[in-house]
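Open the model in your viewer and keep the selection tool ready. The tour below goes stop by stop.

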Amino acid sequence: QVQLVESGGGWVQAGGSLRLSCAASGRTFNTYAMGWFRHAPGKEREFVAGITWSGGVEYYADSVKGRSTISRDNANMVYIQMNSLKPEDTAVYYCAASSSKPFTFVVAATRSSYDYWGQGTQVTVSS
């Protein structure tokens, strides 16, 4: 079983930066690919970024590519650094873990590939 807790959300002006953190518990966490998703009002939850179990492969949605960096460490933490934030980045951001294919070198970008989810952290970007 994996539990995920996000933090680091908040309010920021356009052009600013935020780093979101995800604390994971569970002894097999380090074998799972991890992802960040977001859910904006009136829209479906969408993939933002993902990283493989080893941290060797990263994948980003086009909407954040070049502005965001996902990372993970050996202390069961996953991060996403978001720069040059835009009002359209406003959403609840969720951390997710994919246990179906441990040790994979492929990052999944679909919701159905992730089976553990955090409660989310709100990011608000004002213009």
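**Stop one: T31.** Select T31 and show what surrounds it. Leaving aside neighbours within four places in sequence, T31 is in contact with W53, P102 and F103. Show those three as sticks. T31 itself is found in the loop between β3 and β4. Is T31 buried or exposed? T31 is buried, with a relative accessible area of 13%. Keep in mind throughout that this is a predicted model.

**Stop two: R38 and E46.** Move along to R38, which lies in strand β4 (residues 33-39). Add E46 to the selection. R38 and E46 form a salt bridge, and their closest N and O atoms are 2.6 Å apart. Now compare how the two partners sit. E46 is partly exposed, at 34% relative accessible area. R38 counts as buried, because its relative accessibility of 5% falls under the 20% cut-off.

**Stop three: D89.** Keep R38 on screen and select D89. A second partner for R38 appears here: R38 forms a salt bridge with D89, the closest N and O atoms being 2.9 Å apart. D89 lies in the loop between β8 (77-82) and β9 (91-98), so this pair ties together parts that are 51 residues apart in sequence. D89 is buried, with a relative accessible area of 2%.

**Stop four: R67.** Add R67. Its side chain meets that of D89 in a salt bridge, at 2.8 Å from N to O. Where does R67 lie? R67 is in the loop between β6 (58-60) and β7 (68-72), so the R67–D89 pair ties together parts 22 residues apart in sequence. Both R67 and D89 are buried. Now show the four residues together: R38, E46, R67 and D89 are joined into one network by salt bridges that share partners. The model's salt bridge count comes to four.

**Stop five: the nonpolar core.** Hide the charged residues. In soluble globular proteins, nonpolar side chains tend to be buried together. The largest nonpolar core in this model has 35 residues. Select L4, M34, W36 and Y93, the residues with the most contacts inside this core. Then colour by strand. β3 (18-25), β4, β5 (46-51), β8, β9 and β11 (121-126) each supply at least two residues of the core. Which strand gives the most to this core? β9 does, with five residues. End the tour on β9.

Note on methods: Residues numbered from 1 in each chain as written. Predicted model: local features only at pLDDT ≥ 70, side-chain atom pairs only at ≥ 80, totals over all residues. Heavy atoms only, no water. Buried < 20%, exposed > 50% of the residue type's maximum accessible area, 1.4 Å probe, protein only. Helix = DSSP H or I, 4+ residues; strand = E, 2+ residues; numbered from the N terminus. Core = buried A, V, L, I, M, F, W, Y, C linked by side-chain atoms within 4.5 Å. Contact = heavy atoms within 4.5 Å.
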